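This report introduces a structure to a reader who has not met it before. The sequence and the model are shown first, and the description comes after them.

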Amino acid sequence: MKFDTIIIGGGLSGMTCAIAQAQKGKRVAVIAAGQSNLHFHSGSFDLLGYQQGQPVCDPVTAIAALPESHPYHRLGDVEQLATQARQLLADAGVGTQGDAHHNHFRLSPIGKLVPTWLTMEDMFTVGSAEELKGKKIGLVNIVGFLDFTVPYLADALHDMGAEVTVRSFTTPLLENARRSPSEMRATNIAKYLDDDSHVKEVADRLNSITPRECDLLLLPAILGIANDRAVKLLKESVKTSLRFVATIPPSVPGTRIQSLLRRRFQQLGGTLLPNDTVKGGGFENNRLKYVCTENLADTRLEANEFVLATGSFLGGGLSSDYYSVRESVFGLDVELNGAASHVDWTTDKLFDKQPYESFGVKADNQFRVSKDGTTIDNLYAIGSILSGNDPQHLADATGVDLLTALAVL
Amino acid sequence: MSEKIQLHNLSAHDFEQCLKCSICTVYCPVSAVEPNYPGPKHAGPDLMRYRMKDPDFFNETLKLCLNCKRCEVACPHGVKVGDIIQEARIQYSQHSPSLRDRMLANTDFVGSMATLVAPLTNFFLGLSPAKTVLDKVMKIDHHRQFPAYSGTKFETWFHRHAEAEQQNYKHFVGYFHGCYVNYNYPKLGQDFVKIMNACGYGVHLLEKEKCCGVALIANGLSGQAKRQGENNMRAMRRSLSEGNEAVLTTSSTCTFTMRDEYPDLLKVDNQGVRDSLMLATRFLCQKIDEGKIKLVFRKDYHKKVAYHTACHMERMGWTLYSTQLLKMIPGLDFMMLDSHCCGIAGTYGFKKENYERSQKIGAPLFQQIQEVNPDYVSTDCETCKWQIEMSTGYPVMNPISILADALDVEATKALNQNC
């Protein structure tokens, strides 16, 4: 079966690339082995959050100071790509707030202010910690919902100078949802509440428990699993200003992003294979001609160009045993930044920079990969399968995903 | 030293790969509507560890599982969550199938009896008092419309009207028709034969085909399912050894059951058969790709079709064969519905205690279909067809039936004559 472009991997980078190519009129297929890392998504996208341990103010400018090995250096016009990425998300139904020259802060599930580039509309953000001084905040949770760490959040907001009042509420529907305590998760709540009458019930409760003087109500992100309709309806129905804070996963905003990207791709005529693994492919004259998958067996999928967006160790794009680190699909050349043996892959302290986090495939300035030292002309790598990024210490993961996805091809 | 280190995962259904990420729970159709269901992660790999120590940890809420396998589709790490749950039910459930469950599951027996007196059966099943009796006595929900039974079984039609001329062809395929085609809707089987014949392929039925057994597995009758499975594998091996290039099907669930549930759950060996057992849409797609078959479509065919991905179809990963074929029809305005369980899950939705849940599960799909307002919905699963027709009123056609409708038979025959 023939396509123009085949993308291996259905996460943020794979789907973004797929949508961009489909918008150009190409026939695109995406092969995904399972659902993606987006299900742990914070609701925010990061270009560059930290540098040398310090929060970054202006990510576009700070990128210039990154080491040469960082994928951002192969991009071209970072600012233009960032604008393109934001537009692509908006066109898919993911509206965002933010500025590529000026990071704002999101609130992590345990109350830390984390610098970030774009945050989904309706999620809570601040320009700086000082903004919260003297603000009267109503921190609200649903009775029995354990994935929202109210004491940590209340303490963190209080430390920033806010006056915090904690409230909780329930409705008959939500009380029913507690029957299986292990299943009262953000995504299940979002599905139960995906109904106008239930949202209105929640709104009534919120209106009745809001403290008299309240600037802002903060709720866990438990609305809007497939689109933001329920979010908008709640905001309209509640008298006080209302924003959402990320919960412990599974993430409702992240699930929404995945659903919206998938829908957009299929609307553009793209073909998705949502439960398949590429087993290998046929190479000829330094080009990839076709791939074979687990489910399609002897059916070959041919294309003019292929994109590898398989993620790092978590996504399965990279795999390892006691002896080696491998790129899982084709055995492409990997960049281990000088690590000689497995003792060099990690450092002792868990939260220090771990060498393996920057492992990935070797790629040239056009993001083309190589196998046994030879560049493959039509096989590109994007996202966290690339070497040189550092998600934990730089907070650059989603920026690398989005921008490399748009820069390639 | 390395001999003592386990380098590869050896656990049943890969349950040790489970990261506890909970993504399976996000996509479980039952978890979306039923707080009493422990969810796939908990019912599957979590509780498996406890059940391995003590079977007492099994509980009957696992029967709320639809066996849709969407948890497996979602799992980023290849854990066979659905299989873990089904195997636990097979291994530990003490629940004895009721008469109702046996009747719903024994499609061959009920189908044969019903077709003998089909007009009476259909009339009876449509009467309100009869439905009330089925509801109160058998706990088969009175909202459910039973699919009509055909007066003549597909097999009978085939032997009388089609079998003789099948030997005029140079290439052959076997056909596993399944219960739906045989007892309820022979037209789908006729459509299949029409297409294969137009492409230059003769069709052979299997010798003594039996129900694939998916309903038997779901209703606690896996012993019987295994016997029927072994019978079917014998029949298919024979068919493949007699010059049939493949054994084709027109039902996604039957295909998935025989290819995957047989070895994974029933320990029925299907080696030598599995690779040659496939949906007709896969076979046609591959042959067209290889240039061995050509299809010509009528110029006057214009329909808007919305495609629904059945759960087992998504699990098999073969949706694109059916959708690629539909997209080949020039007059067909194709639209892909969001992939969402319809809620019926075979015999599950017929049971009174499940009916409301089934309808809640399918509600978002039904709503999207209303919004799209197609001429037809198309899907490869017959129970999805019943559910969507009953719940939305829109007609549903298998892709094979749409292809047969749109096919210019004479032109196709002419093009395939020299293959």
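The following paragraphs treat the domains of one chain, two of its helices, and the contact between the chains.

The structure is a predicted model. Chain A is divided into domain 1, made up of residues 2-52 + 257-407, and domain 2, residues 124-245. Taken over C-alpha atoms, the centres of domain 1 and domain 2 of chain A are separated by 36 Å.

Helix H3 of chain A illustrates how a helix can be buried along one side. Its 15 residues, at 1.5 Å a residue, should span 21 Å, and the end C-alpha atoms of H3(A) are indeed 21 Å apart, so expectation and model agree. The buried residues of H3(A) are A:Val78, A:Leu81, A:Ala82, A:Ala85, A:Leu88, A:Leu89 and A:Ala92. Viewed down the helix axis, these buried residues of H3(A) fall within an arc of 125°, and therefore they line one face of the helix. The face of H3(A) turned away from that buried side carries the exposed residues A:Thr83, A:Gln87, A:Ala90 and A:Asp91. After H3(A) comes A:Gly93, with a positive phi near 105°.

Helix H11 of chain A, residues 397-407, is mostly covered, with 11 of its 11 residues buried. Among them are A:Val400, A:Asp401, A:Leu402 and A:Leu403. Just after H11(A), A:Leu409 has a positive phi of about 60°.

The two helices also take part in covering one another. The cover over the buried residues of H3(A) includes H11 of chain A, while the cover over the buried residues of H11(A) includes H3 of chain A. The table lists the elements of chain A included in each cover.

| Helix | Residues | Cover of its buried residues includes |
|---|---|---|
| H3(A) | 78-92 | H1, H2 (59-62), E6 (96-98), H9 (252-267) and H11 of chain A |
| H11(A) | 397-407 | H1 (12-23), E3 (44-45), H3 (78-92) and H10 (391-394) of chain A |

Chain A also meets chain B: 31 residues of chain B are in contact with 29 residues of chain A. On the side of chain B that touches chain A, the elements giving two or more residues are H1 (23-27), H3 (70-74), H15 (280-289), H16 (311-316) and H17 (319-327) of chain B. Of these, H1(B) gives the most, with four residues. The residues on this side of chain B divide into 16 nonpolar, 10 polar and five charged.

Methods
Residues are numbered from 1 along each chain as its sequence is written. Chains are lettered from A and ligands numbered from 1 in the order in which they are written. This is a predicted model: local features need pLDDT of at least 70, side-chain atom pairs count only at pLDDT 80 or more; totals for chains, interfaces and linings use all residues. Two residues are in contact if their C-beta atoms, placed from the backbone, lie within 7 Å. Ala, Val, Leu, Ile, Met, Phe, Trp, Tyr, Cys and Pro count as nonpolar, Asp, Glu, Lys and Arg as charged, and the others, Gly among them, as polar. A residue is buried if 20 or more other C-beta atoms lie within 10 Å of its own, exposed if 12 or fewer, and partly exposed in between; C-beta atoms are placed from the backbone. Domain bounds come from an automatic or database domain assignment. The expected span of a helix is 1.5 Å times one less than its number of residues. The arc is that of the directions from the helix axis to the C-beta atoms.
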